[in-house]
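The following exercises are to be worked through with the structure in view. Each task is followed by a solution in steps.

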Amino acid sequence: MTNSTSPTKARRGKGSQRFLVVWFLLAVFHVFPIMAKEAESLAQDEAAEKRLVAISSELRCLVCQNESLAGSNAELAHDLRREIRGLIQAGKSDGEIMDFMVSRYGDFVRYRPPLKGSTLLLWFGPGLLLVGGIGGLVVFLRRRARLLADTPLSEAEAREAARLLDNDGRKS
Amino acid sequence: MNRFLWPLIGFIVLVVLLAVGLNLNPREVPSPLVGKPTPAFALPRLDALDKTFSPDEMKGKVWLLNVWASWCVSCRQEHPILVEIAKNKAISLVGLNYKEVRGDGSFDMDKISAESEKAMAVERASAWLKRHGDPYALSVLDLDGRVGIDYGVYGVPETYVIDKAGVIRLKHIGPVTPDIFTGKILPLVAELSK
């Protein structure tokens, strides 16, 4: 009797496994209709979408400031990608699209700020710090080397050193 | 003495820089629009959909453009101040209703037609103004947020001070507080109105 129950148990186990698989597949494929919209626009014009990604990766999403416009899922990022897509379709160059964004949101939208008066320190500050640091180190080491310049031992010191060395030699 | 003085000075400079840096608000992005003419638009008015409003109509006046939406929580926070401003009638306040339906995030826009979006926006926006008070001389509907993009809007509410010539003089991001109104906006408006 005990033996005869185990096959049924196993069969029931398989049934619930199959149910789980079906459930899992349903759960996975349920996602696709939601993603279809982005995929559709990608399929329409691959080159344009590649440009869109390239441009929007250079731009900051202003809502989530540490995300790029390409990667952000914020509402405004969607709108701005739509706007950029429109500009690409209108035949605007990358530079013109950048100008479009900068004229509205300022240089802050660019992850690579332009080189100009107010950004000189930003661009060259780290280099200056490095040069300054190396310069400081050189000066420091030279000064220390000068302080530690060789001074010949006096006669008494020489004798003491010889005695110590001698002593040391005897021990070992 | 000198040995300790320089590291100490370096440390103090670092602390001051960090203190200043940490107290800056990263949300306050300087707008390139300040000092530039208002981007043109013609949007339907909330009170009369068949009429449009464009910023040119305000030439010769100092006015405020306030970006709002009924789903925007901070707008409710600043709203009593706007109502108070409207009471003194010295300043014209125009509302730019930003993405009333789309911005809400609780609607599937594929299932809403352009017409019903408009109707929904009017209904929601009017109800909100009825409940909380309407400080605006008029409000316009920017359903898809395109005008918002032209104005560099990225966080509702935002408020623009525009001078008689139609040049943007100040952009305030976030809710207008009494301090900001009396300390920044009011003096500027008074100066521009001279």
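**Exercise 1.** Determine which residue of β6(B) stands opposite L64(B), and in which sense the two strands pair.

*Solution.* The model examined here is a predicted one.
Step 1. Locate L64(B); the residue that stands opposite in β6(B) is V161(B).
Step 2. Consider the strands as a whole: β3(B) pairs with strand β6 (residues 158-162) of chain B in the antiparallel sense. This pairing extends over 5 bridges.

**Exercise 2.** Identify the strand that runs parallel to β3(B), and describe how the chain is arranged between the two.

*Solution.*
Step 1. Strand β4 (residues 92-98) of chain B runs parallel to β3(B), and 6 bridges join them.
Step 2. As a point of reference, N66(B) has G95(B) of β4(B) opposite it.
Step 3. Add helix α2 (residues 73-88) of chain B: together with β3(B) and β4(B), this helix makes a β-α-β unit, and the unit is right-handed.

**Exercise 3.** Explain why strand β3 (residues 63-68) of chain B is described as largely enclosed.

*Solution.*
Step 1. Apply the cut-off: a residue is buried when its relative accessible area is under 20%.
Step 2. Count the residues that meet it: 6 of the 6 residues of β3(B) are buried, so the strand is largely enclosed by the rest of the structure.
Step 3. Recall a general rule: in a regular strand, side chains alternate between the two faces of the sheet.
Step 4. Assign the residues to faces. On one side of β3(B) are W63(B), L65(B) and V67(B), and on the other are L64(B), N66(B) and W68(B). All of these are buried, and both faces of β3(B) are thus covered.

**Exercise 4.** Carry out the corresponding analysis for strand β5 (residues 138-142) of chain B, and establish how β5(B) is connected to β4(B).

*Solution.*
Step 1. Of the 5 residues of β5(B), 5 are buried, and the strand is mostly covered.
Step 2. L138(B), V140(B) and D142(B) point one way from β5(B), while S139(B) and L141(B) point the other way; all are buried.
Step 3. β4(B) and β5(B) run parallel and are joined by 5 bridges. Within this pairing, Y98(B) stands opposite D142(B).
Step 4. From β4(B) the chain passes through helix α3 (residues 114-132) of chain B to reach β5(B), in a right-handed β-α-β crossover.

**Exercise 5.** State how many cavities of 30 Å³ or more the structure holds, and describe the lining of the largest cavity.

*Solution.*
Step 1. There is 1 cavity of 30 Å³ or more, and the largest cavity has a volume of about 40 Å³.
Step 2. Its lining includes L62(A), R104(A) and Y105(A) from chain A, and P30(B), Y154(B) and I173(B) from chain B. The elements that give two or more residues to this lining are α5 (94-105) of chain A and β7 (168-173) of chain B.
Step 3. Sorted by character, the lining residues of the largest cavity are 7 nonpolar, 2 polar and 2 charged.

**Exercise 6.** Describe the second largest pocket, and name the element that gives the most to its lining.

*Solution.*
Step 1. The second largest pocket holds about 330 Å³ of space.
Step 2. Among its lining residues are F140(A), R143(A), W6(B) and P7(B). Two or more residues come from each of α6 (120-147) of chain A and α1 (2-23) of chain B.
Step 3. α6(A) gives the most, with 6 residues.
Step 4. The lining of the second largest pocket divides into 5 nonpolar, 2 polar and 3 charged residues.

Conventions:
Residues numbered from 1 in each chain as written. Chains lettered and ligands numbered in written order. Predicted model: local features only at pLDDT ≥ 70, side-chain atom pairs only at ≥ 80, totals over all residues. Heavy atoms only, no water. 1 Å grid on protein atoms, 1.4 Å probe; cavity = no way out; pocket = protein on both sides within 12 Å on 5 of 7 lines; lining within 4 Å. Points joined across faces, edges and corners; volume = space filled by probe spheres on them. Helix = DSSP H or I, 4+ residues; strand = E, 2+ residues; numbered from the N terminus. Nonpolar A, V, L, I, M, F, W, Y, C, P; charged D, E, K, R; others polar. Buried < 20%, exposed > 50% of the residue type's maximum accessible area, 1.4 Å probe, protein only. Pairing = 2+ DSSP bridges. Right-handed = clockwise from strand over helix to strand, strands pointing away.
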